[in-house]
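User: I'd like to learn how to read a protein model feature by feature. Can you walk me through this one?

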Amino acid sequence: MDGKNGEQRASCISCGVYNCDSGDKTFPPFCLTNEENRPIIEETIRIYETDEQTGRVARASAEVEGEHYCQATRVEEILYFAEKIGAKKIGIATCVGLIEESKLFAKILRAKGFQPFGVACKVGGVDKNVIGIPDEKKVDRGGYEPICNPVAQAKLLNKEGTDLNVIVGLCVGHDSLFIKYSDALVTTLVTKDRVLGHNPVAALYTLGSYYKKILR
Ligand code: SF4
């Protein structure tokens, strides 16, 4: 059961049977694959059928999974996906701390015939003070420290008319804003985790051992 403040509401993260996936078991009593939710599920099928872009993207991503399952890296999957949806100009919304990795990704994109265009998070050089972040909330206090500006990253990539935007290491929350303001579809190559070498799932893999302190 999940929830806080005494609120307990079972959901898929309470499930142990996953009959939606296997189809050979029985749905649990709290299952979200129920009659109440049937109209929502059917509505989504109509969206895939009638919204040209949504249907094309849904099929393209399923095809990439099916054709390259456990064989392609995420870099390769992005290349295959971009090709399937006809994307040529690929926006890279990069953390400035990962800009060398973004340059390498751009090298791969160019080698495969795509046109990469990157915008770094610090673009515009706006000091944090300007948007109301006080000195004591800066990483290095007392001097110039620019904001990450994911809204500008999105708007500059929108201006370029990118077909698909790829996140490389944007901060938690900055990625949310980038996705909100991007005109093009967004996928992620690198999910930033400054502690775990950009492998955030390591915190979950070690929850039963070295990372169990988080539960205290
Ligand atoms: S949809 Fe039902 S069967 Fe599937 S994970 Fe959720 S609760 Fe389990």
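**Reading the fold**

Analyst: The protein chain has eight helices and four strands. Helices (H or I, at least four residues) and strands (E, at least two) are DSSP runs, numbered from the N terminus. Before we go on: residues are numbered from 1 along each chain as its sequence is written, and side-chain values use heavy atoms, with hydrogens and water left out. This is a predicted model, where local features need pLDDT of at least 70 and side-chain atom pairs count only at pLDDT 80 or more, while totals for chains, interfaces and linings use all residues.

User: In what pattern do the helices and strands follow along the sequence?

Analyst: Reading along the sequence you get α-α-α-α-β-α-β-α-β-α-β-α. As for extent, the C-alpha trace spans about 60 × 50 × 30 Å along its principal axes.

User: What share of the residues counts as buried?

Analyst: Buried means under 20% relative accessible area, exposed over 50%, and partly exposed in between (1.4 Å probe, protein chains only). Here 31% of the 216 residues count as buried. The accessible surface (Shrake-Rupley method, 1.4 Å probe; for residues, only the protein chains shown count as cover) is about 14,400 Å², and 54% of that belongs to carbon and sulfur atoms.

User: And what do contacts say about the chain?

Analyst: Contact means heavy atoms within 4.5 Å. Among contacts with a separation of 6 or more, 49% are accounted for by residues 24 or more positions apart.

User: Which residues of helix α6 are buried, and what do they pack against?

Analyst: In α6 (residues 150–160), the buried ones are Pro150, Ala152, Gln153, Ala154 and Leu157. The buried residues of α6 pack against β1 (89–94), β2 (115–120), β3 (164–168) and α7 (174–181). Right after α6 comes glycine 161, with a positive phi near 70°.

User: Take leucine 177 in helix α7. What does leucine 177 touch?

Analyst: Not counting residues up to four places away in sequence, leucine 177 touches Pro150 and Val151. Leucine 177 and asparagine 149 are 28 residues apart in sequence, with their C-alpha atoms 8.9 Å apart in space. Leucine 177 is partly exposed, at 34% relative accessible area.

User: Which residues other than glycine have a positive phi?

Analyst: Two to look at are tyrosine 18, with phi near 55°, and histidine 198, with phi near 60°. Tyrosine 18 sits in the segment before α1 (19–22) and is partly exposed at 46% relative accessibility. Histidine 198 is in the loop between β4 (185–190) and α8 (202–205), and its 31% relative accessible area makes it partly exposed.

User: What about aspartate 193, in the loop between β4 and α8?

Analyst: First, the general idea: side chains of opposite charge can pair when their charged atoms come close. A salt bridge is a side-chain nitrogen of Lys or Arg within 4 Å of a carboxyl oxygen of Asp or Glu. Aspartate 193 is buried yet has no salt bridge; arginine 194, the nearest side chain of opposite charge, is 7.9 Å away. Leaving aside neighbours within four places in sequence, aspartate 193 is in contact with His198, Asn199 and Pro200.

User: How many salt bridges does a search of the whole structure find?

Analyst: The search finds nine. One of them joins lysine 25 and aspartate 24 (3.5 Å, N to O); lysine 25 is partly exposed at 47%, whereas aspartate 24 is exposed at 60% relative accessible area.

User: Where do salt bridges link separate parts of the chain?

Analyst: Lysine 84 pairs with glutamate 67, with the closest N and O atoms 3.2 Å apart. That pair links distant parts of the chain: lysine 84 is in helix α4 (residues 74–84) and glutamate 67 in helix α3 (residues 52–68), 17 residues apart. Another salt bridge joins the side chains of glutamate 160 and lysine 89 (3.8 Å, N to O). Glutamate 160 lies in α6 and lysine 89 in β1, so this pair ties together parts 71 residues apart in sequence. Salt bridges that share partners also join Glu63, Glu67 and Lys84 into one network.

Terms used: Lys and Arg count as positive and Asp and Glu as negative; His and the chain ends are not counted.
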